[in-house]
Amino acid sequence: MIVRFGYVAMSTVIPDCSPSKTMTMASFSKLNDREAGLRRLEAIARGNLHNTLRLLKHNVGSDIRVYRLTSKLIPLATHPDLQDWNPFEALAADFAEVGSYVKKHGLRVSFHPDHFTVLSTPRPEVLASSVRDLQHHVDMLNAMDLPATAKNNIHIGGAYGDKPAAAARFLEHFAELPLDLQERTTLENDDKTFNAPETLEVSRRLGVPMVLDIHHQWVNNEGELPWELWPEIMKTWQTPLALKDVLPGETLPPKIHVSSPRSPSDPRSHADGVEPAPLLAFLKRIAADTPAVDAMIEAKAKDGALFDLMEALKELAEAGNGITVLDGASVNIEP
């Protein structure tokens, strides 16, 4: 089984390369010239896209083919007071350059809209804001001219005191989304509310691929072992919504999220790096029936954690253990 490792948004290795520089609404509101303020926001976004391209080049040079884009590429893009502003025309060339590089090098990129994007909400205004945020992420992917294999990963959301009712609202609200938003969505189990079996059930009913977070599953479960769910999770990556824009003869590997707990007293928070042993235990359990999987590292040290994990895997590979290092960011795992 081929495992490709990726990381989230920021680099701890490349200096002065933040793709998430921003401006607060309070600072924007203090500007006397609104149009000049909007041009300033566009300039910040242009810098973020430039740094994104720098990071992608760093990734390609390091054999990293899986990467999560930051949602903060365009500051204040979804703020209610700026809904008359459309930054995409001014940023068209910059988005196109990033998208062209992604396609040229066969990279797998995604977004993870923040925790305020909740389709299980009972509040109409929160639902409208959540749909607006999802649309913004799709607009960014479209501006890069990326196919629907570039996904937006979300959680089901809050339970609001009645988890079955919240799940039913999510199903209803998701079904009302435009098809292009549905085609770009993956669902992830969370660490407090909707566990892996519950998320899998919603994914199966909607035909939406599920991203298994093995850290979240460890701290929020019904007694199941993560590899016991894996055969059904893999099936969610074979639905029409999952396979939109996948070319004949190509595949879209299932994706998992990988992190380690910060400490026994703080098991939900993420550590700086990734402990290899629990990850390998899972990977070896699924290797026999899984041709390939992409693993998004959610450790605090970002790409630094990826490089440290690869060094640890190299040492284990030298000792046997059924591991073959393929390049700087991928391995082959034997059952």
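Trainee: Between which helix and which strand does the loop with Asp63 lie?

Mentor: In this predicted model, Asp63 belongs to a loop. The elements on either side of that loop are helix H2 (34-61) and strand E2 (66-68).

Trainee: What is the phi of Asp63 near?

Mentor: Most residues other than glycine have a negative phi. Asp63 is a residue other than glycine, yet its phi is positive, near 70°.

Trainee: Is Asp63 buried, partly exposed or exposed?

Mentor: The class of partly exposed residues lies between the limits of 20% and 50% relative accessible area. Asp63 has 28% relative accessibility, and therefore Asp63 counts as partly exposed.

Trainee: Which residue in the loop between strand E4 (151-155) and helix H5 (163-175) has a positive phi of about 50°?

Mentor: The loop in question joins strand E4 (151-155) and helix H5 (163-175). The residue is not a glycine, although its phi is positive at about 50°. With a relative accessible area of 43%, it is partly exposed. The residue is Tyr160.

Trainee: What is the relative accessible area of Phe111, and is Phe111 buried or exposed?

Mentor: Phe111 is part of strand E3 (residues 108-111). Burial requires a value under 20%. Phe111 is therefore buried, its relative accessible area being 0%.

Trainee: Which residues does Phe111 touch, not counting residues up to four places away in sequence?

Mentor: One of them is Arg68, which lies 43 residues apart from Phe111 along the chain, with a C-alpha separation of 5.6 Å. The full set that Phe111 touches, residues up to four places away in sequence being left out, is Arg68, Leu69, Thr70, Ser71, Leu73, His137, Met140, Leu141, Met144, Lys151, Asn152 and Asn153.

Trainee: In which sense do strand E1 and strand E12 pair?

Mentor: Strand E1 covers residues 2-8 and strand E12 covers residues 330-333. Within this pairing, Val3 has Val331 in E12 as its bridge partner. Three bridges join E1 and E12, and the sense is antiparallel.

Trainee: How many residues stand between E11 and E12 in their hairpin?

Mentor: Strand E11 (residues 323-327) runs antiparallel to E12, and four bridges join them. Thr324 is bridged to Asn332 in E12, while Ile323 stands opposite Ile333 in E12. The number of residues between the two strands of the hairpin is two.

Trainee: Why does the radius of gyration agree with that of a compact globule?

Mentor: For 335 residues, a compact globule would have a radius of gyration near 20 Å. The C-alpha atoms fill a box of roughly 65 × 50 × 45 Å along the principal axes. The radius agrees with the globule because the protein has 20 Å.

Trainee: What share of contacts between residues at least 6 apart in sequence joins residues at least 24 apart?

Mentor: The protein contains eleven helices and twelve strands, and buried residues make up 53% of its 335 residues. Among contacts between residues at least 6 apart in sequence, the share joining residues at least 24 apart is 76%.

Trainee: How far apart do the centres of the positive and negative side chains lie?

Mentor: The protein exposes about 14,800 Å², of which carbon and sulfur atoms supply 53%. There are 34 positive and 45 negative side chains. The centres of these two sets are separated by 3 Å.

Key: Residues numbered from 1 in each chain as written. Predicted model: local features only at pLDDT ≥ 70, side-chain atom pairs only at ≥ 80, totals over all residues. Heavy atoms only, no water. Rg over C-alpha atoms; globule rule 2.2 N^0.38 Å. Buried < 20%, exposed > 50% of the residue type's maximum accessible area, 1.4 Å probe, protein only. Contact = heavy atoms within 4.5 Å. Areas by Shrake-Rupley, 256 points an atom, 1.4 Å probe, with all protein chains shown as cover. Lys, Arg positive; Asp, Glu negative; His and termini not counted. Charge placed at Lys NZ, Arg CZ, Asp CG, Glu CD. Pairing = 2+ DSSP bridges.
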